[in-house]
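Got your viewer ready? Here is a short tour, one selection at a time.

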Amino acid sequence: MLDSYVPILIFMAVGIGFGVLLLVLGRALGPHRPDAQKLSPYECGFEAFEDSRMKFDVRYYLVAILFIIFDLEIAFLFPWAVALQEIGMFGFVAMMIFLGILVVGFIYEWKKGALEWE
């Protein structure tokens, strides 16, 4: 019974070994030239804040959310396009409703100014 798990264990060992080997080689052979700019904390496109309760601009996150929305749209469009012959008119109408909802959301975000940068 345990013989059936041997290929999986070998695959896992080779994968983990290869990953560790690449990390060690990168650390050993890579250049190490740290300076103040490289060592400074950097997060989400903003410099580190003095106070964690400080107000900041949320447009970065709005654009990130819009990217995720339209990325998901594309993720749904590819299988829909491949299977359009099999799903017929029902699938076409369902995707048009889906795209319509996304277009309404996009227009709303555009009107609210989420895509404008100063």
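Before you click on anything, one convention: contact means heavy atoms within 4.5 Å. This is a predicted model, so keep the filters in mind: local features need pLDDT of at least 70, side-chain atom pairs count only at pLDDT 80 or more, and totals for chains, interfaces and linings use all residues. Residues are numbered from 1 along each chain as its sequence is written, and side-chain values use heavy atoms, with hydrogens and water left out.

**Whole chain.** Switch to cartoon and you should find 4 helices and 2 strands, in the order α-α-β-β-α-α along the sequence. Both kinds of element are DSSP runs numbered from the N terminus (helices: H or I, at least four residues; strands: E, at least two). Of the contacts with a separation of 6 or more, 43% join residues 24 or more positions apart. Now turn on the surface: the chain exposes about 10700 Å², with carbon and sulfur atoms supplying 72% of it. Areas here come from the Shrake-Rupley method with a 1.4 Å probe, and for residues only the protein chains shown count as cover. Buried residues make up 9% of the 118 in the chain, where buried means under 20% relative accessible area, exposed over 50%, and partly exposed in between.

**Select E109.** You are in helix α4 (residues 84–112). What does E109 touch, leaving aside its neighbours within four places in sequence? The answer is L66, A114 and L115. E109 is buried yet has no salt bridge, and K112, the nearest side chain of opposite charge, is 8.9 Å away. A salt bridge here needs a side-chain nitrogen of Lys or Arg within 4 Å of a carboxyl oxygen of Asp or Glu; for charge, Lys and Arg count as positive and Asp and Glu as negative, while His and the chain ends are not counted. Add L62, found in helix α3: L62 and E109 are 47 residues apart in sequence, but 8.9 Å apart in space, C-alpha to C-alpha. L62 is partly exposed, because its relative accessible area is 31%.

**Select E73.** This one sits in helix α3 (residues 59–82). E73 is buried without a salt bridge too, and K111, its nearest side chain of opposite charge, is 18 Å away. Beyond its neighbours within four places in sequence, E73 is in contact with F98, L99 and L102.

**Select F70, F106 and W110.** Together they form one aromatic cluster. Rings of Phe, Tyr and Trp (its six-membered ring) pair if their centres lie within 6.5 Å; planes under 30 degrees apart count as stacked, over 60 as edge-to-face and the rest as tilted. The whole structure holds 4 aromatic pairs. One of them, F106 with W110, is edge-to-face, at 5.6 Å centre to centre and 65° between the planes. Both lie in helix α4, 4 residues apart, about one turn of the helix. F106 counts as partly exposed because its relative accessibility is 27%, while W110, at 52%, counts as exposed.

**Last stop: L9.** Go to helix α1 (residues 6–29), where L9 lies. Buried or exposed, at 55% relative accessibility? L9 counts as exposed. Extend the selection to L2, Y5, I8, F11, M12, I16, V20 and V24: with L9 they form a nonpolar surface patch of about 990 Å² of accessible area. Patches use residues with over 30% relative accessible area and no salt bridge, joining like charges within 9 Å and nonpolar side chains (Val, Leu, Ile, Met, Phe, Trp, Tyr) within 5 Å.

How values were computed:
Buried means under 20% relative accessible area, exposed over 50%, partly exposed in between (1.4 Å probe, protein chains only).
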